[in-house]
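Me: I would like to go through a structure with you. Could you help me read it?

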Amino acid sequence: MSPFFFYLFAAILIFASLAVILARNPLYNVLALVVAIFSLSCLFVLLEAFFVGMILLLVYAGAVLVFFLFVVMCLNLNTVVLSSQQQTRFRWLGSFVGLMFLFSFALAAKSFIRAHAMEPSSIRGTIEVIGKILFTDYLLPFELTSFLLLIAIFGIVSLAQGALSTGKDSENL
Amino acid sequence: MLGHYLILSGIIFSLGLIGVMTSRNVLKVLLSLELLLAASNLSFVSFSKFNGDYAGQLIVFFVILVAAAEVAIGLAIIVVMYRRLSTIQADELKEMKW
């Protein structure tokens, strides 16, 4: 049962990632990334990492990508993107480097698998277990992330303020 | 089975790498960066499952938090760039100072 679902969600993930790269309309890029994150979360559930899968679905597909969508609609990109979004000079070089990376990664993974034959363990990442570890062993990093988010808020506010003070005389928005 | 997950993660990572290197649209570069993070998250969780260690899942939790901050800052920069230059093509960023 599990291999069938693995291949199903893996195929959805790969096609959605291709759509993220290849689609012309930025709205479709964002929506394809939503599909990719959803199938990634399904893969996490197949690996019995329930808490992380749900957090991925809530935070990524729920908050971050809706934020992306909001910005895409706010920028009104259709006039901008369709005029000048053609391929770059680095298209073939970039594809070549990506494929070489995939090839070397496959070689490394193959030799690793051959050296260590690993069987799936019986751990289940439920919210109880993860929460207990998060608030005992990983308490300091967990608290430090709140500082990170605070600094991010400061950065956004200062960026927005700079844009507002100069946006008035440039008549753009 | 671990090999399957690793190969899938490698495919997604290289797709994201191609996207970062070939697209001129800054928004698309940011979306491809999300693909890179998703691929590394997948390999972290699969190693966590096959090693019997919860640390991989906690790393993924922190990566999601950091990615949320990164996306917020990146989109703010894109909005400011669109207001200044009224384009979001990466080629238009020719000056370091504005």
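The questions below concern chain A and its contact with chain B.

Reply: This is a predicted model, in which local features need pLDDT of at least 70, side-chain atom pairs count only at pLDDT 80 or more, and totals for chains, interfaces and linings use all residues. Residues are numbered from 1 along each chain as its sequence is written, and chains are lettered from A and ligands numbered from 1 in the order in which they are written.

Me: How many helices and strands has chain A?
Reply: Chain A has 7 helices and 0 strands; helices (H or I, at least four residues) and strands (E, at least two) are DSSP runs, numbered from the N terminus.

Me: Which residues of α1(A) are buried?
Reply: They are F9(A), A10(A), L13(A), A16(A), S17(A), V20(A) and I21(A). Buried means that 20 or more other C-beta atoms lie within 10 Å of a residue's own, exposed that 12 or fewer do, and partly exposed is in between, with C-beta atoms placed from the backbone.

Me: Why do they line one face of the helix?
Reply: Seen down the axis of α1(A), the buried residues fall within an arc of 140 degrees, so they line one face; the arc is that of the directions from the helix axis to the C-beta atoms.

Me: What is exposed on the other side?
Reply: F4(A), Y7(A), L8(A) and A11(A) are exposed there.

Me: New topic: how many residues does each chain bring to the contact?
Reply: Chain B brings 60 residues and chain A 73 residues, where two residues are in contact if their C-beta atoms, placed from the backbone, lie within 7 Å.

Me: Which helix of chain B gives the most?
Reply: That is α3(B), with 21 residues.
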